[in-house]
Amino acid sequence: MRRSLGRLTAAGVAVAIGTAFVAATLLAGDVMQRISYDSLTASYGTADVIADAGNGDALTEKTVDAVRATPGVKAADPRIVAPYVSMSAGDRAISQTLVPVASDPAFDTQHVTAGTLPTADGEIALPERAAERLGVGVGDTITVSYYAWQSAGGADADDAAAASPTAAPTEEATAGATGDAATEASTAAPGEDEGTYREVGADAEVVGLTTDPTSAWAQYDGAALATTADTLLWAGWGQGDAAPTLADAATSQLLVAVDPGADTATVIDAVEDVLTASGSTDPIVLTRDAAAERALSGSDGTGPILVVVLAFAAVAMIVAGLVIANTFQVLVAQRTRTLALLRCVGAVRSQVRGSVLLEAGLLGLAASVAGTLLGTGLVQIALLVMQNADLPFPVPTVVRPTVASVVAPLAVGLVVTVLAALTPARVATRVAPIAALRPADAPAAGSRAGRFRLVVSLVLVVGGALLLAGGVALSQQILVAAVGIAILGGAASFVGLLVGAVFWMPRVVAAIGGLVGRLGMPARLAAANTGRNPARTAATSTALLIGVTLVAMMSTGAVTARATLDDELDTRFPVDLAVASPYTADADGTAVAEALPAGTVGALADIPGVESVAALARDSVEVGGSGNVVDALGITPAQAADVLRDADLVAAIGDGTVVVPRALAASSGIEDGDTVALTRSEGGAGSAATGTVDLTAAVVPLDDWTVLVTPATLDAIGSAGTESTAWLRVADINDSGQVVQQVQDLTADSALDITGAALERALYQRAIDTLLAVVVGLLAVAVVIALIGVTNTLSLSVIERRRESATLRALGLTRRQLRASMAVEGALIAGVGAVVGVALGLAYGWLGSAAVLAGIADLQLRVPWADLGLVLAVALVAGVLASALPGRTAARTPPVAALAVD
């Protein structure tokens, strides 16, 4: 091992990288589970016991009081979380999660940095970030908006809310309501009080600012604190005129603190008895740790992630195995005379085989230890980076290795190394010393081993191709099953190609080598040398082919998915981005659109990446007498040409025309070219109408419920509308994510709604880019290991051709020409693997995209030219660089010394 340290180091690096991958994956899985555990338990405070009424049963004040009166119970609080509570100050508005102030310090989850916690109704404590967004501090007053029930002919809603506050529909459900919704809310069933829900603004004094040191509410961007009564009121829970109660919140979880000295198990039994006596059919009462483990059991999402990442680790280890096998072929070739001499002096075959396998075992163990330490170090570095980032979850400070995260990488590295060395060990003992000087030939298709390999390869390739084709064909009918069949078929066919690579890969190398050989003497030598040991050349190119195929497949799938989803979004949304003010209720309870805040349109137009902006008037109209009351937007043909991408949609807009989306047309019984009546609606069906015009319907393939008319048409029905919507066109759709982020930042402190194709496009682009980056990063490990294999193959080539190289040098071949031949050989081996991998990746990427997307949208096949070109360039350059050390060794060996070898 000391004499072959350099060669063993290369193989050790391959094993270490693979085992580091495995170790890092397992440790990362443990970290994700700890993050999930800590995120959940942080919201418990330091509660000792977590109780749940079970089966969706809601807690009541009576039940909570009974638990508090239980012997051994120090305190008990229901776990109430009210999301999306609307708060505003001046012209700034936010949605903030709200929780009640804890009745006992054991349930505290936040730290007060200024002021105090609320002690009376009408007081609120805000997270520092929320206070900053609203521009308020301790002592200031904010407005909390919620909905209250107003009985028909009853008192004013504000007075009613103060006297007997009630819950109402959530902000999301009410904000987008039009006249029909308002009418339905105002009409009671027979025997019930008539009335409507109205938005109410309640003043709340900011008495404190808080931080969240344990990230208990980080997923909500913090949580505001108020009294329990205010939390129930402002959340909009409850029914009718009665004040909201704990039962209206439908919470079933209870936090319990145990008295010092009390037996926790006894308290758990007592609390369970109380819940059962209160009507709970299947109460669950557990300790804090047990409750967290139960909540996360099978639902923390880390299992599937670990399986996927470990699959990539398996790819890396398979490639490492090919590299190790080639490495030990190098060692066996180097030691041919030594092994033969050992046989001559009495060493038996088992001893020679054992020496090779022992060396492999020691190498595998040492490299696996190094890889495990490397993987642990990488995860620790990642944790340090994450701690300095503003992440919405608590991050552990140190890695805590488990038995599995240590033993598994060591076992995998050791087993793979020894298995990969079996063939070289067999060659070292079974081949006669004189025959060992010749390279081993690839298994012939006519031999017994060759026939078996060929049959297995053909069965896998043909069967996999049929399954893949079947998956693509079924994608229109049964999407989930089709994707599963396609994945199985793709995997089978790819494995078949790898099994049979020893038959077809050398022929591909020879064919491309014949073309390269025309470039001069070094190129001809390189092309000839690749055919000296076709089995080893095939193994080396195949190792690289695995990683390149998967990288090319993911890149092709990503660019095809982008193009397909872009086309689909263009049929669903008329514009890249729409920014609209929400609906509010007027004095009569009717939903009306607010105007855009002053300066909004100009600020949107100044955002980099926004090509044009159009401010549009909006009003509610009834289309065709169908009873469908929808939004109508007034847009001029010039504005349409500036902001719309669909030329047909632009051409359809004009005076005397109403553009009707396909979904609305189908619901209203309208066909393209029909004459329809457009009526302005005030409060929905049955309300007074101020104007009606007959227009020609232009039905367009949009999945929307908004009709488009010109401002002149709005004037004709008696309304200029409210300028409450702005349409934006993005200069480059590939920059949608950046533009959307800037628009969201601009409107973060307002109640403006953002919709449009660019928003959806930004979401899926971010998802695709993130997935692609992760996958390519994981596969890069396999590619790096494969390139180490190219270096080893070239090193073996130098050993085998030592005398030949010396003879050529003696006949006039220069050192530069010898190094050039090695460089061409390295580029040829790596280049063939990369070219074939790109071709296979392109095919698999297209077929996979067809199986996944053909049933969802019209497939748009694309080729990622830049990505594929980069892969080829990296492979060629890496192949040339891999030849540097072997070429230097061959060129520096004096011809006389090389010829002196027996």
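This passage describes salt bridges, a surface charge patch and selected residue environments in a predicted model.

Side chains of opposite charge can pair when their charged atoms come close. In the predicted model, six salt bridges were counted. Three of the pairs involve strand E15, and they are described in turn below.

Arg729 pairs with Glu611 in a salt bridge, with a separation of 4.0 Å between the closest N and O atoms. Arg729 belongs to strand E21 (residues 722–730) and Glu611 to strand E15 (residues 610–623), so this salt bridge ties together parts of the chain that are 118 residues apart in sequence. The two partners fall into separate accessibility classes. Arg729 has a relative accessible area of 18% and is therefore buried, the limit for that class being under 20%. Glu611, at 48% relative accessibility, is partly exposed.

A salt bridge also joins the side chains of Arg618 and Asp631, with an N to O distance of 4.0 Å. Arg618 lies in strand E15 and Asp631 in strand E16 (residues 629–634), and the pair links distant parts of the chain, 13 residues apart. Arg618 is buried, with a relative accessible area of 8%. Asp631 is likewise buried, at 14%.

Asp619, the residue that follows Arg618 in the numbering, forms a salt bridge with Arg680, and the closest N and O atoms of this pair are 3.1 Å apart. Here strand E15, which holds Asp619, is linked to strand E18 (residues 675–680), which holds Arg680; the two residues are 61 apart in sequence. Asp619 has a relative accessible area of 13%, so the residue is classed as buried. Arg680 is buried as well, with a value of 18%.

Elsewhere in the chain, salt bridges connect Asp65, Arg68 and Asp77 into a network.

Positive charge also gathers on the surface of the model. Arg815, Arg816, Arg819, Arg888 and Arg892 form a patch of positive charge there. Two elements give two or more residues each to this patch, namely helix H29 (815–853) and helix H31 (884–892). Helix H29 supplies three residues, the largest share. Arg815, one of the patch residues, is located in helix H29. The relative accessibility of Arg815 is 44%, so this arginine counts as partly exposed, a class that lies between 20% and 50%.

Two further residues were examined for their surroundings. Thr710 is placed in the loop between strand E20 (706–709) and helix H25 (711–716). Although Thr710 lies in a loop, the residue is buried, with a relative accessible area of 2%. The side chain of Thr710 makes a polar contact with the side chain of Asp655, at a distance of 2.5 Å.

Glu272 is part of helix H8 (residues 264–277). With a relative accessibility of 30%, Glu272 is partly exposed. Glu272 and Ala53 are separated by 219 residues in sequence, while their C-alpha atoms are 8.7 Å apart in space.

Note on methods: Residues numbered from 1 in each chain as written. Predicted model: local features only at pLDDT ≥ 70, side-chain atom pairs only at ≥ 80, totals over all residues. Heavy atoms only, no water. Patch = residues over 30% accessible without salt bridge, like charges linked within 9 Å, V, L, I, M, F, W, Y side chains within 5 Å. Areas by Shrake-Rupley, 256 points an atom, 1.4 Å probe, with all protein chains shown as cover. Lys, Arg positive; Asp, Glu negative; His and termini not counted. Charge placed at Lys NZ, Arg CZ, Asp CG, Glu CD. Helix = DSSP H or I, 4+ residues; strand = E, 2+ residues; numbered from the N terminus. Buried < 20%, exposed > 50% of the residue type's maximum accessible area, 1.4 Å probe, protein only. Polar contact = N/O pair within 3.5 Å; in protein donor to acceptor, adjacent residues only side chain to side chain.
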